[in-house]
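Visitor: Could you take me closely through one part of this protein, the packing around a single core residue, and then set that part in its wider surroundings?

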Amino acid sequence: MSTTSRIPEPTPVVARPHGTVRALSDGWIVAKRNLIKIKRVPEVLIFVLISPIMFVLLFAFVFGGAIDPEGAVSYREFLIGGIFAQTVVFGATFTGAGLAEDMQKGIIDRFRSLPMSRSAVLVGRTTSDVVYNVLSLIIMALTGLLVGWRIREGAFDALLGFALLLVFAYAISWVMAYVGLLVPSVEVINNASFIVIMPLTFVSNAFVPLSSFDGVLRQFVLWNPVSALTQASRELFGNIDPSTPLPDAWSMQHPALYTLLWVVLILLVFVPLSTRQFARASS
C-alpha cells in the first residue's frame, strides 16, 4: 500500500502594523507597563504630587510678601503660572530616570528581544510621564485655587494653557530620554538634569517679574523658553493685568507661538537622537 504524506496547512500570518502606527501601538503597551508601577510603588506618585504643593505654599506664603509683580495682579496669581512651568519641566526628569533604571536592571535588553518597534520604549516612557504631569497640574490647580489663584479667562483659553504646558513637558521628556540613555545611573541623571533645568526655571520670569533683571541676564530671561511658557500660561489663564505694557522682545510678545517653535525644534532634534542612542545603548 502506498502512503500519501499530508502537507500541513500553512499557519496564517497575522499582519502587524508598520512604521508610526506600530510605534504608537507598541508604545502604548509600554506606557501601560510604566503606569502599572503607580499601583506597586505608590510612594513615587505621592512624592510627585506633594512637591508642587510645597512649592505653591512656600512661594505664596513665604516669599509672596517680598515680591511685587508687574501690574495690578496679585503675586499669588502671578506665581501659579511659573509654578506650573517649573513643575512640568522638572516632571520630565522622570523619563530620564526611568530609562536609566531600566538600563541598569537589564529591562531594555529584554525589550530588544521582543518583536516591537525600536522607538516603542521611548514613546511609552514619554507618554506615561504625561500622565504624571496631568496629575501634578490638577493638584497644583486645586492648591492654587485655595491660596487665591483664579482663572480669569474662558474655559477654552484655560484648556489651551494646560495643553501648552503638557506639550512643552512632552518635548523636554525627549531631551531627558536622551540624557538618560547617555548616563550610567539614576543618581547621575538626577544630578545632570538638576544642573540643566535649575538655571532654566529660576533664571526666568517664573517667580519674579522681568523688571528684576538687567543687561545680558535680562536678554537670557526674555528668550528663555521657560519664560515664554510662563508668560503664555499667565495670558491664557488671565493672570496678567491688561494695562501692563508688553516686554520689548518678540518671544514675550508672542509667547505661545515661541513656545510651540521650541517644542517643534526639540522634537525634531531629540526624537531621532534618542532613538539612535537607544539602539546603541541597548546593543
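Guide: In this predicted model, L165 is in contact with F84, A85, V88, L137, L229 and S233, once residues up to four places away in sequence are set aside. L165 is also, together with F84 and F162, one of the residues with the most contacts inside the largest nonpolar core, a set of 39 residues. Helices α2 (42–63), α3 (75–91), α6 (120–147), α7 (155–182), α10 and α12 (255–281) each contribute at least two residues to this core, and the greatest contribution, 10 residues, is made by α7. Apart from this core lies another one, of nine residues, including L99, I108, V123 and A177.

Helix α10, which spans residues 225–237 and contains R234, deserves a slower look, since some of its polar residues are buried as well. R234 has a relative accessibility of 2% and therefore counts as buried, the limit being under 20%. Its side chain comes to 2.9 Å from the backbone oxygen of A206. Beyond its neighbours up to four places away in sequence, R234 touches F78, G81 and G82, then N205, A206 and F207, and finally N239 and I240.

A second residue of α10 is S227, and because its relative accessibility is 0%, S227 too counts as buried. A polar atom of the S227 side chain lies 3.4 Å from the backbone nitrogen of N205. When neighbours within four places in sequence are left aside, the contacts of S227 are S204, N205, V221 and M252. N205 thus appears in the contact list of R234 and again in that of S227.

From here one can turn to the charged pairs, of which the protein has three that count as salt bridges. In one of them E77 is paired with R152, and the closest N and O atoms are 2.5 Å apart. Because E77 belongs to helix α3 while R152 sits in the loop between α6 and α7, this pair ties together parts of the protein that are 75 residues apart in sequence. The two partners differ in their surroundings: E77 counts as buried, at 5% relative accessibility, whereas R152 is exposed, with a relative accessible area of 52%.

Another salt bridge joins D129 to R125, with 3.3 Å between the closest N and O atoms. Here both partners lie in helix α6, four residues apart, which is about one turn of the helix. D129 is buried, its relative accessible area being 0%, and R125 is likewise buried, with a value of 6%.

The remaining salt bridge is formed by D248 and R218, whose closest N and O atoms are 3.4 Å apart. This pair links distant parts of the chain, since D248 lies in the loop between α10 and α11 (250–253) and R218 in helix α9 (residues 215–223), 30 residues apart. D248 is exposed, with a relative accessible area of 60%.

On the surface, L57, L58, F61, V62 and F63 form a nonpolar patch, and together they have about 450 Å² of accessible area. F63 is part of helix α2, a helix that also supplies at least two residues of the largest nonpolar core. At 37% relative accessibility F63 counts as partly exposed, because this value falls between the 20% limit for buried residues and the 50% limit for exposed ones.

Finally, the protein as a whole gives these details their setting. Its secondary structure consists of 12 helices and zero strands, and of its 283 residues 46% are buried. Among contacts with a separation of 6 or more, 82% are between residues 24 or more positions apart. The accessible surface of the protein comes to about 14,700 Å², and carbon and sulfur atoms account for 68% of that area.

Conventions
Residues are numbered from 1 along each chain as its sequence is written. This is a predicted model: local features need pLDDT of at least 70, side-chain atom pairs count only at pLDDT 80 or more; totals for chains, interfaces and linings use all residues. Side-chain values use heavy atoms; hydrogens and water are left out. Buried means under 20% relative accessible area, exposed over 50%, partly exposed in between (1.4 Å probe, protein chains only). A polar contact is a pair of N or O atoms within 3.5 Å; within protein, one must be able to donate a hydrogen and the other to accept it, and residues adjacent in sequence count only if both atoms are side-chain atoms. Contact means heavy atoms within 4.5 Å. A nonpolar core is a set of buried Ala, Val, Leu, Ile, Met, Phe, Trp, Tyr and Cys residues joined through side-chain atoms within 4.5 Å. Patches are made of residues with over 30% relative accessible area and no salt bridge: like charges are joined within 9 Å, nonpolar side chains (Val, Leu, Ile, Met, Phe, Trp, Tyr) within 5 Å. Accessible areas come from the Shrake-Rupley method with a 1.4 Å probe; for residues, only the protein chains shown count as cover. A salt bridge is a side-chain nitrogen of Lys or Arg within 4 Å of a carboxyl oxygen of Asp or Glu.
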